[in-house]
Amino acid sequence: MSAESSRPLRNASDRAILACADRILGPSVLVVMQSGTRLIAELMNACPEMSWDVFTFEHFLLTSVIEQIEQDERDLPTGAIELHCAPDLPVGPFDTVVIPTLAGGAAELTRDLLQDAADRVKPNGRVIVSTDNPSDTWLLKQLKAVFGRVTVEKQSDGVCY
């Protein structure tokens, strides 16, 4: 692994997702990137057998993800990866949908992403969502409204659901 990706992830939400990487079901995984670029490289290293779809709304972020993947290419597994920059999530279906969120992010967008994830995850699939707010109650309430049952993995600086 390159020196860049051997440093800890800066974002608590990304660290929470990475800590729960063993919960990712495969082989098809959708990762919704709203900030940061190193999470996907770390997830690909943690789960090399998966087929990855990486989605973002922002072209700049997509370009940054591509640069990160190219930078770490010699260190990353050779699994399939598809990159998407569009107004809507790819259709799927996916075994797992991963959505790191930020406590200061747009509430309506987060609600929409959760509903879209519910439509795109396979039956008996998994949606993994994190926040950088260790005292979160809002996201948990939204997840229960969309999915019903929610498992909580608390961390010192965030939560993974």
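## Reading the calls in a predicted model

Guide: At 2% relative accessibility, C20 counts as buried. The model is a predicted one.

Visitor: What makes C20 count as buried?

Guide: Buried means under 20% relative accessible area. C20 has 2%, so C20 is called buried.

Visitor: Why is C85 called partly exposed?

Guide: The class runs between the buried limit of 20% and the exposed limit of 50%. C85 has a relative accessibility of 34%, and therefore counts as partly exposed.

Visitor: How many disulfides does the structure hold?

Guide: Zero.

Visitor: Why is there no bond from C20 to the closest cysteine sulfur?

Guide: That closest sulfur belongs to C160 and lies 3.2 Å from the sulfur of C20. A disulfide needs the two sulfur atoms within 2.5 Å. The C20 and C160 sulfurs are therefore too far apart for a bond.

Visitor: Where is A41 found?

Guide: In helix α3, which spans residues 38-46.

Visitor: Why does A41 count as buried?

Guide: The limit is under 20%. A41 comes to 1% relative accessibility, so A41 counts as buried. Its C-alpha is 8.6 Å from that of V65, and the two residues are 24 apart in sequence.

Visitor: Which numbers describe two packed helices?

Guide: The angle between their axes and the distance between the axes. For α2 (residues 12-19) and α3, the angle is about 10° and the axes are 10 Å apart.

Visitor: What makes α2 and α3 roughly parallel?

Guide: Angles under 35 degrees count as roughly parallel. Their angle is about 10°. The two helices are therefore roughly parallel to each other.

Visitor: Which residues of α2 and α3 meet?

Guide: From α2 come D14, I17 and L18; from α3, L39, E42, L43 and A46. The residues of this contact divide into five nonpolar, no polar and two charged.

Visitor: What makes D14 and E42 the charged pair of names in that list?

Guide: Asp and Glu count as charged. D14 lies in α2, and E42 lies in α3.

Visitor: How many helices and strands does the protein chain have?

Guide: Six helices and seven strands. From the N terminus, the order is α-α-β-α-β-α-β-β-α-β-α-β-β.

Visitor: What share of the residues counts as buried?

Guide: 44% of the 161 residues in the protein chain. The chain exposes about 8100 Å², and carbon and sulfur atoms supply 51% of that area.

Visitor: What share of the contacts with a separation of 6 or more joins residues 24 or more positions apart?

Guide: 76% in the protein chain.

Notes. Residues are numbered from 1 along each chain as its sequence is written. This is a predicted model: local features need pLDDT of at least 70, side-chain atom pairs count only at pLDDT 80 or more; totals for chains, interfaces and linings use all residues. Side-chain values use heavy atoms; hydrogens and water are left out. Axes are lines fitted to C-alpha atoms, for helices over the stretch in contact, and angles run from 0 to 180 degrees between N-to-C directions. Helices (H or I, at least four residues) and strands (E, at least two) are DSSP runs, numbered from the N terminus. Angles under 35 degrees count as roughly parallel, over 145 as roughly antiparallel, 65 to 115 as roughly perpendicular and the rest as oblique. Contact means heavy atoms within 4.5 Å. Buried means under 20% relative accessible area, exposed over 50%, partly exposed in between (1.4 Å probe, protein chains only). Accessible areas come from the Shrake-Rupley method with a 1.4 Å probe; for residues, only the protein chains shown count as cover.
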